[in-house]
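Trainee: I am new to this structure. Could you take me through the helix packing and the empty spaces?
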Amino acid sequence: MNFSNLMLLEDGHPRPPALQMALDEVLLRAVSQPLLRVYRWDRPCITIGYFGCMSAARESLGSMEITRRWTGGGSVAHVGDWPYSLLVPAGHPFFNVRPAESYRLIHLALFEVLAREGCHYELADQDCPKRSSACFDNPVRSDLIRNGKKIAGAGQRRSRAGLLHQGSVQIPESEHPSGRTLAERMSRVVEAFSLTPDILKAAEALASDKYANPAWNAARLEKESNP
């Protein structure tokens with residue numbers, strides 16, 4: 001993949017899980033060109049996919065705070081991981097790339113960046129049998145594998161606003177790549193992007209109304225309990 005232009009938001013300010021999820025949704029509606037966002041959690045937490053089950057996540061990953069993502073995929077424990085999001089507006093050509101191919105291209109870029117740092121990984125060439133609801137127990141095609149263990153996975157969602165790809169890289173902090181290195185692998189032109197007070201205010205409101213709302217986080221569980 002090679003965007004002609006890419007905005008980069010390296011947000012070093014740790015924020016709550018609900019706010020991080022809300023920021024992605026608000027930013028996707030606001031950006032006019034692709035944006036790579038690298039951020040930090042303010043606490044260990046779990047995120048579950050849009051159709052995920054909270055009880056299954058607790059069985060697999062423990063009792064940390066759980067927030068439901070807007071994207072799909074399995075349950076992810078975020079404890080010292082390297083989270084990032086790629087947001088592509090609907091009018092951009094990359095929005096029309098098939099989901100499996102867009103997933104592969106993004107992970108290939110990540111793979112090449114990590115390889116430059118001397119880290120040795122493989123790209124999974126097929127889906128593995130599902131073992132649990134935990135994302136990192138279940139490698140799928142194009143995930144990053146190290147010594148037989150999945151270390152990078154992601155969930156995606158396409159909406160009228162665009163494509164949201166939310167990824168997690170589970171490697172030691174000493175091996176975390178820089179956001180700029182990944183951005184420069186993805187695009188010839190990288191432009192710094194900063195959060196505005198209006199975007200942050202909108203995200204805080206959405207976090208309160210949606211992602212921190214017990215009704216949002218338990219909604220799919222109710223559906224599964226009452227088929």
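Mentor: Let us begin with a helix pair. Helix 1 (residues 17–30) packs with helix 5 (residues 197–211), their axes being 8 Å apart and at an angle of about 120°. Please keep in mind that this is a predicted model.

Trainee: What does that angle make helix 1 and helix 5 to each other?

Mentor: They are oblique to each other, because an angle of about 120° falls outside the ranges for roughly parallel, roughly antiparallel and roughly perpendicular. The crossing of helix 1 and helix 5 is right-handed.

Trainee: Which residues meet there?

Mentor: On the side of helix 1, they include Ala-18, Leu-19, Ala-22, Leu-23 and Val-26. Helix 5 contributes, among others, Ile-199, Leu-200, Ala-203, Leu-206 and Tyr-211. By class, this contact of helix 1 with helix 5 has 14 nonpolar residues, three charged and no polar.

Trainee: Now helix 3 and helix 4: at what angle do their axes cross?

Mentor: The axes of helix 3 (residues 99–116) and helix 4 (residues 179–186) cross at roughly 125° and come within 9 Å. Helix 3 is therefore oblique to helix 4. Their crossing is right-handed.

Trainee: And which residues are in contact?

Mentor: Helix 3 brings Ile-106, Leu-108, Ala-109, Leu-110, Glu-112, Val-113 and Arg-116, which meet Thr-181, Leu-182, Arg-185 and Met-186 in helix 4. The contact of helix 3 with helix 4 divides into seven nonpolar, one polar and three charged residues.

Trainee: Changing topic, how many cavities of 30 Å³ or more does a search of the whole structure find?

Mentor: The search finds one. The space in this largest cavity is about 110 Å³.

Trainee: What lines the largest cavity?

Mentor: Its lining has 15 residues, and those nearest the centre are Arg-69, His-78, Gln-166, Gly-167 and Ser-168. Strand 5 (76–78), strand 9 (149–158) and strand 10 (162–169) are the elements that each give two or more residues to this lining.

Trainee: How does that lining divide by class?

Mentor: The lining of the largest cavity has seven nonpolar residues, seven polar and one charged.

Trainee: What about pockets, say the second largest: how much space lies in it?

Mentor: The second largest pocket holds about 350 Å³ of space. It is lined by 21 residues, with Tyr-39, Arg-40, Trp-41, Asp-81 and His-176 closest to its centre.

Trainee: And how many residues of each class are in the lining of that pocket?

Mentor: The second largest pocket has eight nonpolar, six polar and seven charged residues in its lining.

Key:
Residues are numbered from 1 along each chain as its sequence is written. This is a predicted model: local features need pLDDT of at least 70, side-chain atom pairs count only at pLDDT 80 or more; totals for chains, interfaces and linings use all residues. Side-chain values use heavy atoms; hydrogens and water are left out. On a 1 Å grid over the protein atoms alone, a cavity is a set of points where a 1.4 Å probe fits but cannot get out, and a pocket is an open set with protein on both sides within 12 Å along at least five of seven lines; lining residues have an atom within 4 Å of a point. Grid points are joined across faces, edges and corners, and a volume is the space filled by probe spheres set on the points. Helices (H or I, at least four residues) and strands (E, at least two) are DSSP runs, numbered from the N terminus. Ala, Val, Leu, Ile, Met, Phe, Trp, Tyr, Cys and Pro count as nonpolar, Asp, Glu, Lys and Arg as charged, and the others, Gly among them, as polar. Axes are lines fitted to C-alpha atoms, for helices over the stretch in contact, and angles run from 0 to 180 degrees between N-to-C directions. Angles under 35 degrees count as roughly parallel, over 145 as roughly antiparallel, 65 to 115 as roughly perpendicular and the rest as oblique. A crossing is left-handed if the near helix is turned anticlockwise from the far one by less than a right angle, and right-handed if clockwise. Contact means heavy atoms within 4.5 Å.
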